[in-house]
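Open the model in your viewer and keep the selection tool at hand. This tour goes stop by stop, telling you what to pick and what you will find.

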Amino acid sequence: MTHKPIEILEARRDQVVCKSDGAEIVCGKHSASGSVSQRACVFCGSRVVLYPIADALHVVHGPIGCAAYTWDIRGAQSSGPQLHRNSFSTDLQERDVIFGGEKKLGAALRELIAACHPKAAFVYSTCITGIIGDDVDAVCKTVGAETGIPVIPVESPGFSGTKKDGYRAACEALYKLVGTGDIAGISRHSINLLGEFNIAGETWMMKDYFRRIGVEVVACITGDGRVDEIRRCHGAKLNLVQCSGSMQHLAKKLEQDYAIPFQRVSFFGIEDTAAALYAAAGVFGDAELDRRARELVAAELTRIQPELRRFRKILRGKKAAIYVGGAFKAFSLVRALRALGMRTVLVGSQTGNPDDYRQLKELCDPGTIIVDDSNPLELAKFCLELDVDLFIGGVKERPIAYKLGIGFCDHNHERKEALAGFEGMVNFAREVHASVMSPVWNFVPRRTRRAERSWREAA
Amino acid sequence: MIAESDLISDAIPERPDFSHCTSASRNACKLCTPLGACLAYRGVRGAIPFLHGSQGCATYIRRYVISHFREPMDIAASNFSEDTAVFGGEKNLLAGLRNVARQYRPELIGLATTCLSETIGEDMPALIHSAREAIADLPALVHVSTASYRGSHIDGFHDAVAALVDQLTGPAIAHGGLNLLPGMLSAADLRHLRELAENFGFDATILPDYSDTLDGVPWADYEALPEGGTAVEAIRAMGGARATLELGDSLRARPRTAGKILRDRFNVPLHVKTLPVGIGATDIFLDALAELSGRPIPPALIAERGRLIDSMVDAHKVVFGRRAVIYGEADLVIGLTSFLCEIGIQPVLCASGGRSRTFESDLRAAIPELPADTLIRNEADFVDIAAEARATVPDLLVGNSKGYGLARELGVPLIRTGFPIHDRIGGQRVLHIGYRGAQQLFDSVANALLARKQEHSTVGYSYL
């Protein structure tokens, strides 16, 4: 089937490669001006990491947009306080831009802290707070001293880098809490979960696995997050880093300052979940933990395999496109789709690094297209050319898929379905199945045209 | 009485009372100005919105709009970096315009500034001038100033419409057409508006018109820019129209609107009307169309009106005396409140998130029968709305999906109207205007109240 040509911008040619070519992908670049990047900004990176901390106050110092667009849109759940689901902003006005917003910020913090008694407050700077010369650090310090809680500035002006720099700013902010809590009573079989955000309750599922194995989770950063847990996370013996893009910086700091080793893991898909559990159990050199981990994996697999097998039969040979924020998640998705008998023909991320892309290339089948920091036009072009049956991405990718009549699975932070762990794999399979096999695709032009053609050819 | 939990001073209250925290915006009932501008630009044929500033603004706005319309919404940005913020955005703007022109082949690039480019003081007219000099095949370019510390999304919307007219409309050649400036309505509203105008023989220039661009059909090929929207040529010719109908009471007091520019520059007679939501406002709107066209109101519309009234008679007891909280953009709140008053619902709180000095007087002028004790709140956020709502004990909320948390807390139905509707399918197809829109609203309100009564009944009758 021929399609209208879509040009790849000159400035982006080296950010798109085919697995069969020898070319190295170029990544980590600032997005080309005028390309409709699917990336967000530094603020977004910080906000997304810190958001799930449910007993902290989150205040955005800036005009209203940054706070309004991040109000209660994510599926990060809390088992207790729900402070994080509010959206607080200093809502800077023109007079604040001229005369400065420090007073307003101070007043807002004092009033909000008095109203909700948070365990800490995070103050996000935005594009204009630095430009208008507000000394956010000083305000935080003063209010912190007055209220007796940590008031932590998050250095996140939108333009000051990429989303990755926002992750780093969030890690720096978190690190101000680390080491301030009492670590007495922490088990010698203990871990932190980093980069796990409790989307649809996934942290609780992971914590249950670790409980069954006999490993204590000191802190999940930041899923169902609590300030006091973060304060004592330096007492854990191992860090498991799931969303490595966002949390590797914190993991490295904990390794450097507290000699806590870290491992990159993923809880998406059977293989990766099992590998993560084995890694955590194995590190303590206790055969009993290993045994329990193996038992757990075996029991869970026995429970879910029949249903997965049923889906695999139906989905075998279907083609998928993946475009997600972090490359590490893409690895898991390629494997998870493979477990369902599906083939990934297009894969990319907003923020992958050269190492990520090398691994991705190794993992993928020949001919797979790999893209860095892509945009709607490119993604659409490849989806059509490769004739995919499924697109996995976030909300911004959804209409690309739907407009073209392609099944879509939301694998971003806004989703409300648990896709991690063994149970999550079944949910994932169900969702992929519902996305790929729906009869509605019989009516979309992509399919009706093909049907018409084959009918004509037959006649 | 003091609850025990209040005595433990360091515990986080289950439902903290933020109503006294007036220095902060708490769960805003408004969005930023560039969002409104992007939405307006999306209603022009072959147009791509382009934000001069950080990339995040474009991405956030895209996601917000996509989640309501469930359609692609591409917004380009000049993607400022730290250098750009220090040395100015000319290089980025030029490179961005070149890239967008090449990849999207737009008929129009709708530029809007952000807080960042405004704060560093970008001289947009000068930048646009140098872009025109430097880029040979640049399409039409319109620019609007949308610093989000000045106003809210509805201001960005109206300012972008004004900018389109101001910067595109050329010498007037009289063509007898009608300019229809609808304000921020749903895709279904815009389609119905066109149909209503056609009923009177008008091929109206509706600006903006995103009824197709944000509520379109599936594609065989990916379209860089979707079909539909107001043609740039049609905008250029708006100065030659017979009249302009501008919808929304708040526009009267707004110093600069598209309708006023057309009136002042090209002597196009301007008629500002209440959004045609409900019977009275629709009557006024149709009368205006009838007068301008010299044609009578078609029988089909009269029948539609009749059916609406007939249904209101059937269900008057269901809705009478029920108390409603209405929130959203000022002009939509006025329209919705006017309709609710017509069916005997008591508006206990009318709240607008934006700043409009005339909100209260506009409300009272448009709805003389509005009870004196109806609370009217300008620049309200959802903490304000919740505090007032708890005190007024409403039976229903009418507004966008951001009020769902409050509706859930109060245990009352939320009638979803306006923008955004992020928790239901079909936000773009909610019809507010005309008799048909009133019929849909009426059925939604009456059925929501019936359902609630049924669900709360110990008997569970299936015959009501």
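**Stop 1: the contact between the chains**

Between chain B and chain A there are 4 salt bridges. Keep in mind that this is a predicted model.

Now color the contact residues on both sides. You should have 74 residues of chain B touching 72 residues of chain A. Together the two chains bury about 6,500 Å², and 60% of that area is on carbon and sulfur atoms. Which three residues of chain B supply more of its buried area than any other three? Select Tyr60(B), Gln103(B) and Tyr222(B): they supply 12% of the area that chain B buries against chain A.

**Stop 2: polar links across the interface**

Show Glu71(B) and Lys403(A) as sticks. They form a salt bridge, with the closest N and O atoms 2.8 Å apart. Then turn on polar contacts between the chains. The count is 29 residue pairs, both residues being at pLDDT 80 or more.

Next, pick out the elements of chain B that face chain A. Seven ranges are worth selecting in turn, and each supplies at least two residues to that side:

- the strands β1 (25-26), β2 (47-52) and β3 (76-77) of chain B
- the helices α3 (55-69), α4 (82-87), α5 (90-104) and α6 (115-119) of chain B

Which element gives the most? It is α3(B), with 10 residues. Color this side of chain B by residue class: 37 residues are nonpolar, 21 polar and 16 charged.

**Stop 3: a ring pair between chains**

Stay with helix α3 of chain B and look for aromatic rings. Over all chains, the whole structure holds 16 aromatic pairs. One of them is Tyr69(A) with Tyr60(B), a stacked pair at 6.3 Å centre to centre with 25° between the planes. This pair crosses between chains. Tyr69(A) sits in the loop between α2 (64-68) and β3 of chain A, while Tyr60(B) belongs to helix α3 of chain B. Tyr60(B) was also one of the three residues selected at the first stop for buried area.

**Stop 4: a sheet built from two chains**

Switch to cartoon view. Follow an open sheet of 5 strands in the order β5(A)-β4(A)-β2(A)-β3(A)-β1(B), with mixed pairing. Where are its edges? They are β5 (151-154) of chain A and β1 of chain B, each of which pairs on one side only.

Start at the chain B edge. Strand β3 (residues 88-89) of chain A pairs with β1(B) in the antiparallel sense, over 2 bridges. Select Phe88(A): its bridge partner in β1(B) is Arg26(B).

Move to the other edge. Strand β4 (residues 120-125) of chain A runs parallel to β5(A), and 4 bridges join them. Here Tyr124(A) stands opposite Val154(A) in β5(A).

**Stop 5: a salt bridge inside chain A**

The whole structure has 54 salt bridges over all chains. Select Glu146(A) and Arg110(A), whose closest N and O atoms are 2.5 Å apart. This salt bridge links distant parts of the chain, 36 residues apart. Glu146(A) is in helix α6 (residues 136-147) of chain A, and Arg110(A) is in helix α4 (residues 102-116) of chain A.

**Stop 6: backbone details**

Finish with the backbone. Which peptide bonds to select? Leu207(B) to Pro208(B) is cis, with omega near -5°. Pro208(B) lies in the loop between β7 (205-206) and α10 (232-236) of chain B. Another cis bond joins Phe419(B) and Pro420(B), with omega about 0°. Look for Pro420(B) in the loop between β14 (414-416) and α19 (434-456) of chain B.

Last, go to Ala200(A). This residue has a positive phi of about 55° although it is not a glycine. Ala200(A) is in the loop between β6 (190-196) and α8 (202-213) of chain A.

Conventions. Residues are numbered from 1 along each chain as its sequence is written. Chains are lettered from A and ligands numbered from 1 in the order in which they are written. This is a predicted model: local features need pLDDT of at least 70, side-chain atom pairs count only at pLDDT 80 or more; totals for chains, interfaces and linings use all residues. Side-chain values use heavy atoms; hydrogens and water are left out. Contact means heavy atoms within 4.5 Å. Buried area is the accessible area (1.4 Å probe) that two parts lose on being put together, summed over both. A salt bridge is a side-chain nitrogen of Lys or Arg within 4 Å of a carboxyl oxygen of Asp or Glu. A polar contact is a pair of N or O atoms within 3.5 Å; within protein, one must be able to donate a hydrogen and the other to accept it, and residues adjacent in sequence count only if both atoms are side-chain atoms. Ala, Val, Leu, Ile, Met, Phe, Trp, Tyr, Cys and Pro count as nonpolar, Asp, Glu, Lys and Arg as charged, and the others, Gly among them, as polar. Two strands pair if DSSP finds at least two bridges between them. Rings of Phe, Tyr and Trp (its six-membered ring) pair if their centres lie within 6.5 Å; planes under 30 degrees apart count as stacked, over 60 as edge-to-face and the rest as tilted.
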